[in-house]
Amino acid sequence: MQKKALSLLLALAMVFSLAACAQTPAQPGTDPTPSASGSPSPSAAPSAEPSVEPTAAGTRSFTDSCGRTVEIPADISRIAPSGPMAQIVLFALAPDKFVGIASKWSKETESFIDGSYYNLPVLGQLYGSSAGELNLETLAASDPQVIIDIGEPKKTIAEDMDAMSEQLAIPAVHIDAYTATMGDTYRLLGELLGLEEEAAVLADYCDERYSGTLSLMERVGGNRANVLYCLGDQGLNVIAKDSFHGEVLDLMTNNLAVVDAPSSKGTGNESDMEQLILWDPDVILFAPQSIYATVDGDATWQSLKAIRNGSYYEVPFGPYNWMGFPPSVNRYLGMLWMGSLLYPEYVDYDLYTEVARYYKLFYHCDLTQEQFDALTANSTGKK
């Protein structure tokens with residue numbers, strides 16, 4: 001098995017690393033888990049309508065989002081996520097079916113994720129900045145009934161899934177996932193796992209949250225905030241307009257970071273203070289563990305009106321960055337937070353109530369007011 005696994009790892013690593021370099025963003029050092037998804041496209045629809053058909057006793061036929069018809073067990077109780085995005089999406093729906101996790105839970109998850117999930121074997125991931133680090137021997141030993149990849153389909157997705165299925169003798173399926181259509185993703189996962197009712201609850205939430213954000217921005221109209229999202233050790237990298245990681249920022253603000261070549265990486269585009277002064281945003285969002293805590297006493301940063309006016313905030317983090325990184329369903333928290341932060345006169349919800357609802361649905365956690373206050377301590381007003 002070891003020889004076979006090593007052979008597959010070498011072959012897949014070449015394919016996946018090339019695909020990842022071309023398409024999948026690396027994640028910033030401030031985040032514990034890199035993306036496994038690729039760029040979501042709000043206007044895109046799944047490339048094929050997945051369906052389940054009964055076959056021989058004990059199995060059924062499932063057509064995944066890339067049009068592959070895969071024979072899967074009739075009843076699925078053991079699943080393996082292909083990467084961090086799949087892990088986040090699937091944890092909300094079927095945490096007790098996990099035989100392993102794509103990446104270790106970060107220290108920040110300890111307050112929110114039940115400890116019973118911490119001892120699962122780490123399987124690695126197919127795509128992302130750690131592409132090719134899939135531990136095939138651990139994956140095979142964990143004995144999943146199906147491997148589930150979730151995200152934007154890579155160009156080689158069908159071939160990748162076929163190779164995985166053939167080499168490990170474990171069916172592998174891909175389900176498309178985009179921020180605008182995550183409800184459809186959950187409904188299809190519900191069909192796959194026989195959890196239609198549970199998936200419908202999550203799907204309806206995603207539909208509600210996204211349509212609610214669109215409605216909010218219609219009310220805001222031309223009163224969008226002029227914003228920069230700054231990250232990096234010096235705070236001089238920016239999430240650019242029209243970049244993959246700028247999707248929610250672009251949806252809800254006037255993202256001033258217009259550059260010639262928006263980076264698809266989670267580290268954003270490099271900039272400098274001179275350019276930040278030229279942009280001179282009304283609001284600055286700092287990535288978690290960036291330089292938020294020190295800019296108030298920095299004369300150079302005081303050149304920016306957002307800093308002088310105290311209109312700068314740290315993106316909440318726990319168990320993941322609320323704005324993405326990895327860019328999964330946690331982006332809905334970013335929508336809630338930015339709506340309440342930037343457009344309080346237009347929102348029709350209480351932020352704590354809605355965040356607690358999200359944590360219950362997606363992390364199976366009863367978020368207390370004290371936990372919420374700690375999460376948002378630097379995120380709802382410096383002055």
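This tour moves through the structure in a series of selections, naming at each stop what to select and what is found there. The coordinates are those of a predicted model, and the stops should be read with that in mind.

**The hairpin**

Begin by selecting strand β2, residues 59–63, together with strand β3, residues 69–73, which pair in the antiparallel sense over five bridges. Within this pairing, Arg-60 has Ile-72 of β3 as its bridge partner. The two strands form a hairpin with five residues between them, and if you then select Gly-67 in the turn, you will find a residue with a positive phi of about 85°.

**An aromatic pair at helix α2**

Next, show the side chains of Phe-91 and Trp-105, one of the 18 aromatic pairs that a search of the whole structure finds. The ring centres of Phe-91 and Trp-105 are 5.3 Å apart and the planes stand at 70°, so this pair is edge-to-face. Phe-91 belongs to helix α2 (residues 84–93), whereas Trp-105 lies in the loop between α2 and α3 (136–142), so the pair ties together parts that are 14 residues apart in sequence. As for solvent, Phe-91 counts as buried at 3% relative accessibility, and Trp-105 counts as buried at 10%.

**The tyrosines and their cluster**

From there, select Tyr-320 and Tyr-363, whose ring centres lie 6.4 Å apart with the planes at 40°, so that this pair is tilted. Tyr-320 is in the loop between β12 (312–314) and α10, and Tyr-363 is in helix α11 (residues 351–363), so the contact between the rings ties together parts that are 43 residues apart in sequence. Both Tyr-320 and Tyr-363 are buried. To see the setting of these two rings, extend the selection to Phe-112, Tyr-186, Tyr-205, Tyr-358, Tyr-359 and Phe-362, which form one aromatic cluster together with Tyr-320 and Tyr-363.

**Salt bridges between helices α5 and α6**

Now turn to charged side chains, for which the count over the structure comes to eleven salt bridges. Select Asp-207 and Arg-187, whose side chains meet in a salt bridge with an N to O distance of 2.6 Å. This pair links distant parts of the chain, with Asp-207 in helix α6 (residues 196–220) and Arg-187 in helix α5 (residues 182–193), 20 residues apart. Asp-207 counts as partly exposed, at 31% relative accessibility, and Arg-187 likewise counts as partly exposed, at 31%. Adding Asp-184 and Asp-204 to the selection displays a network of salt bridges in which these two residues are linked with Arg-187 and Asp-207.

While you are looking at charged groups, select Arg-209 and Tyr-349 as well: the charged end of Arg-209 sits over the ring of Tyr-349, 5.3 Å from its centre.

**Helix α10 and Arg-331**

Select helix α10, residues 331–342, which has twelve residues and reaches 16 Å from its first C-alpha to its last, close to the 16 Å expected at 1.5 Å a residue. The helix is mostly covered, with eleven of its twelve residues buried, among them Tyr-332, Trp-337 and Leu-342.

Which residue meets Arg-331 in a salt bridge? The partner to select is Glu-247, and the two side chains come together at 2.4 Å, N to O. The pair links distant parts of the chain, since Glu-247 is in helix α7 (residues 247–252) and Arg-331 is in helix α10, 84 residues apart. Both Glu-247 and Arg-331 are buried. Keep Arg-331 selected and add Phe-244, because Arg-331 also lies over the face of that ring, at 5.2 Å from the ring centre.**Ser-263 in its loop**

Phe-244 leads on to the next selection, Ser-263, which lies in the loop between β9 (254–255) and β10 (269–270). Leaving aside neighbours within four places in sequence, Ser-263 is in contact with Ser-243, Phe-244, Gly-268 and Asn-269. At 17% relative accessibility, Ser-263 counts as buried.

**A last salt bridge**

Finish with Asp-366 and Lys-360, whose side chains meet in a salt bridge at 2.9 Å, N to O. Is Asp-366 buried or exposed? With 56% relative accessibility, Asp-366 counts as exposed, while Lys-360, at 44%, counts as partly exposed.

Methods. Residues numbered from 1 in each chain as written. Predicted model: local features only at pLDDT ≥ 70, side-chain atom pairs only at ≥ 80, totals over all residues. Heavy atoms only, no water. Pairing = 2+ DSSP bridges. Helix = DSSP H or I, 4+ residues; strand = E, 2+ residues; numbered from the N terminus. Expected span 1.5 Å × (residues − 1). Buried < 20%, exposed > 50% of the residue type's maximum accessible area, 1.4 Å probe, protein only. Salt bridge = Lys/Arg side-chain N within 4 Å of Asp/Glu carboxyl O. Contact = heavy atoms within 4.5 Å. Phe/Tyr/Trp six-rings, centres within 6.5 Å; stacked < 30°, edge-to-face > 60°. Lys NZ or Arg CZ within 6 Å of the ring centre and 35° of its normal.
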